[in-house]
Amino acid sequence: MKTTVDHLLALGDDALIAAQRLGEWVAAAPELEEDVALANIALDQLGAARLLLTYAGELEGAGRDEDALAYLRDDREFRNCLLVELPNGDFAVTMAKLLFLAAYQLTLYTALSGCADERLAAIASKARKEVAYHLDHARLWTVRLGDGTAESHRRMQAAVDEIWPYTHELFLPDPTAPVDPAGLRAEFLAIVEPVLAEATLERPADDWAPEGGRRGLHTEHLSYLLAEMQVLHRAHPGARW
Amino acid sequence: MSDDPRTRTGGGAPAKTADRSGWPLWEVFVRPRRGLAHHHVGSLHAPDAELALRNARDLYTRRQEGVSIWVVPAAAITASSPDEKDAFFAPAADKVYRHPTFYEVPEGAAHL
Amino acid sequence: MSGCNTCSVHGHHFPEPGDGPASGLLGQVEAAEAALRAAAERGRPGAPDGAAGDTDPQEYFTALIEADQKIEPRDWMPDAYRRTLIRQIAQHAHSEIIGMQPEGNWITRAPSLKRKAILLAKVQDEAGHGLYLYAAAETLGVSRDELVELLLAGRQKYSSIFNYPTLTWADVGAIGWLVDGAAIVNQVPLCRCSYGPYARAMIRICKEESFHQRQGYEILYTLAHGTPAQREMAQDAVNRWWYPSLAMFGPPDRDSTHSEQSMAWKIKRFSNDELRQRFVDMCVPQAEILGLRIPDPELRWNPERQSYDFTPPDYAELMRVISGDGPCNRQRMARRRRAHAEGAWVREAAAAYAAKRAARATAPTEVAA
Ligand SMILES: [Fe+2]
Ligand SMILES: [Fe+2]
């Protein structure tokens, strides 16, 4: 299938908004070592976002670079999934978000790294290595929190329950996409379910399945996130930084 | 290896032992390049070996300083197996902005 | 970055800026690293195998210091030397950690994706510096937990500079240029500190700091050559950060405690005022290239001294900020305490999991995990 601007925006916005949320953790992580780890993951996501948005801008051909796309679109123009824009919550919620996002991105990037669009394939194969690490990090923490203390188990289960419904949107069919996400859910479950089991957590039922992000219909959270992210850039139109 | 945790008291004050958090201290050894031996780069705290390795990778190889890491708990010397996947180190390769030469220094500006 | 904290500032030999190939800061760090290796190769005085033998430990310690050899964790050392180092390294580590906050404040609002990535990497480095330094302190027989407790209880200090707010994006530039710059002037001599683990940590840190200072300078340069509003933002930031940066070198020599003994132990080799002067002399030409004004009407070249005359910072203000009444002391400490308290359940969970797994591994009835 042919790569479209919207597909690149979906990938790039997922990474950008995930990075923005992870950046909020800086100087607030449960341990200093985790400050360093979360910043690393945020940097990887941000790096992927920049490559994808730059490509989207070039493909669009309207002269928009990564910053024009990141800073000068409104929430209705963002194509990220709802999962990444959800607030960080406690550390368990952040790890649940990261576990599901990284498992999804790993399957998707792996498939994309063999796609016909060489530029996209190159970005995907680089990002794939990074998200394999993110997945590992989230897995280690999910298991430790799930199988740690009574309190951590309760929090981790609550986090998984809260975030699980947002995973459905990741696999909505899109036959026009370079890789149709609908075909990736089985692989996603094959990654995630054993982690939940090892963590002594219950895999939530599949019922409520909120969606809309890919069409620009977001949660109320995104507009606030963008307000903060874009405030300075928008206050100085045309300035260089 | 002069920072050997087992011999961390010299004269003076005795060493304090266990951490209240229960996260033990790990010594970190990095092989900078193929063909070179692992050498001691510092230490960190982690609840277990797996997280110690992850933390060591994040902390001591942010600038591609290594191709392999060992972590050794202070109490009992054990070494991780150095079978790092390439995912483990590749991400640092594109972070050029971590290196001072990434920045343009205007002509004439000294001591930066 | 992180400054030298509160009072005692550190010092050691490094070549004068501009003399020879090692004139850049990185060159000075590399020279310190080479000196460290050279000292290691010279071996220790006394017994050829490096053992203290049956010499008096105090004499042996003094001989090592005099021979510019490093003191290592297993060596005998005077209690006061150990205490001085613990205090200084801990304050230095705390400064790196608290120092993440003022700049971290701008990560979510960085005005371009490139700047966001750079700032994230920089603030992450500061966390790394804190960790290297806590690790160095731990070789002296104190645990990181204890040091963190002392910080949270307000019984150990961090650099007063971080008690000032970052009000605009230009403050991120000013911190990189001035605050990291002052920290480097303080820290480069520490690469030659007589205590081995501290010296090695400082070498690693100083190499990383160079990127911090340059990214700050680049931010200010871009702003100073940008729109009128950006230029004004840059000048305003320099106006606010100049004197607090000068104060990072600590009180004037006449009021400085701890100095003489630290000099004798080769923990410190330059006085606060010497380092402050070196910093001013470094900054003035850099400010000219930026096209920004240093907010000091008394600033002028003194040909006799071959240095700039300048207005000293307000030391009474420095003391007020150190004692807790700076604009952000309460906010910084509250944030650190909150992160520590809110992370407790996570740290406990990881410890509990490790204990469970260890128990499972040794339980005779269970299959190996
Ligand atoms: Fe630092
Ligand atoms: Fe720094």
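**Charges of chain A**

I began with the charged side chains of chain A in this predicted model. I found 22 positive and 39 negative side chains in chain A. I then looked up how far apart the two sets are placed, and their centres lie 4 Å from each other.

**Overall form of chain A**

I next examined the elements of chain A, which has nine helices and zero strands. Along the sequence the pattern is accordingly written α-α-α-α-α-α-α-α-α.

I compared the extent of chain A with the globule rule. For 241 residues, a compact globule would have a radius of gyration near 18 Å, and chain A has 17 Å; I therefore recorded agreement. Along the principal axes, the C-alpha atoms of chain A fill a box of roughly 55 × 40 × 30 Å.

I looked up burial and surface for chain A as well. Of its 241 residues, 63% count as buried. Its accessible surface is about 8500 Å², and 55% of this belongs to carbon and sulfur atoms. For contacts in chain A with a separation of 6 or more, I noted that 78% come from residues 24 or more positions apart.

**L196(A)**

I turned to a single residue of chain A, L196(A), which sits in helix α8, residues 185-198. Is L196(A) buried or exposed? Its relative accessibility is 1%, and because buried means under 20%, I entered L196(A) as buried.

I then listed the contacts of L196(A), setting aside neighbours within four places in sequence. The partners are L99(A), T142(A), V160(A), W164(A), L201(A), R203(A) and P204(A). I also checked L196(A) against V179(A): the two are 17 residues apart in sequence, and their C-alpha atoms are 27 Å apart in space.

**Chain B**

For chain B I recorded one helix and three strands. From the N terminus on, these elements run β-β-α-β.

Chain B has 112 residues, and buried residues make up 52% of them. I noted an exposed area of about 5100 Å² for chain B, with carbon and sulfur atoms supplying 56%. Among contacts in chain B between residues at least 6 apart in sequence, 44% join residues at least 24 apart.

**Helix α6 of chain C**

I moved to helix α6 of chain C, residues 144-152, and asked how many of its nine residues are buried. Seven are, so I described the helix as largely enclosed by the rest of the structure. I identified the buried residues as R144(C), D145(C), L147(C), V148(C), L150(C), L151(C) and L152(C).

Against which elements do the buried residues of α6(C) pack? I found partners in three chains. Chain A provides α2 (32-60) and chain B provides β2 (39-45). Within chain C, the partners are α3 (79-98), α5 (113-138) and α13 (329-342).

I followed the backbone just past α6(C) and noted that G154(C) takes a positive phi of about 75°.

**Q215(C)**

My last entry concerns Q215(C), which is placed in helix α8 of chain C, residues 196-224. Q215(C) has 1% relative accessibility and therefore counts as buried. I looked up what its side chain reaches, and found the backbone oxygen of H212(C) at 3.2 Å. I entered this pair as a polar contact, because the cut-off is 3.5 Å.

Key
Residues numbered from 1 in each chain as written. Chains lettered and ligands numbered in written order. Predicted model: local features only at pLDDT ≥ 70, side-chain atom pairs only at ≥ 80, totals over all residues. Heavy atoms only, no water. Helix = DSSP H or I, 4+ residues; strand = E, 2+ residues; numbered from the N terminus. Rg over C-alpha atoms; globule rule 2.2 N^0.38 Å. Buried < 20%, exposed > 50% of the residue type's maximum accessible area, 1.4 Å probe, protein only. Contact = heavy atoms within 4.5 Å. Areas by Shrake-Rupley, 256 points an atom, 1.4 Å probe, with all protein chains shown as cover. Lys, Arg positive; Asp, Glu negative; His and termini not counted. Charge placed at Lys NZ, Arg CZ, Asp CG, Glu CD. Polar contact = N/O pair within 3.5 Å; in protein donor to acceptor, adjacent residues only side chain to side chain.
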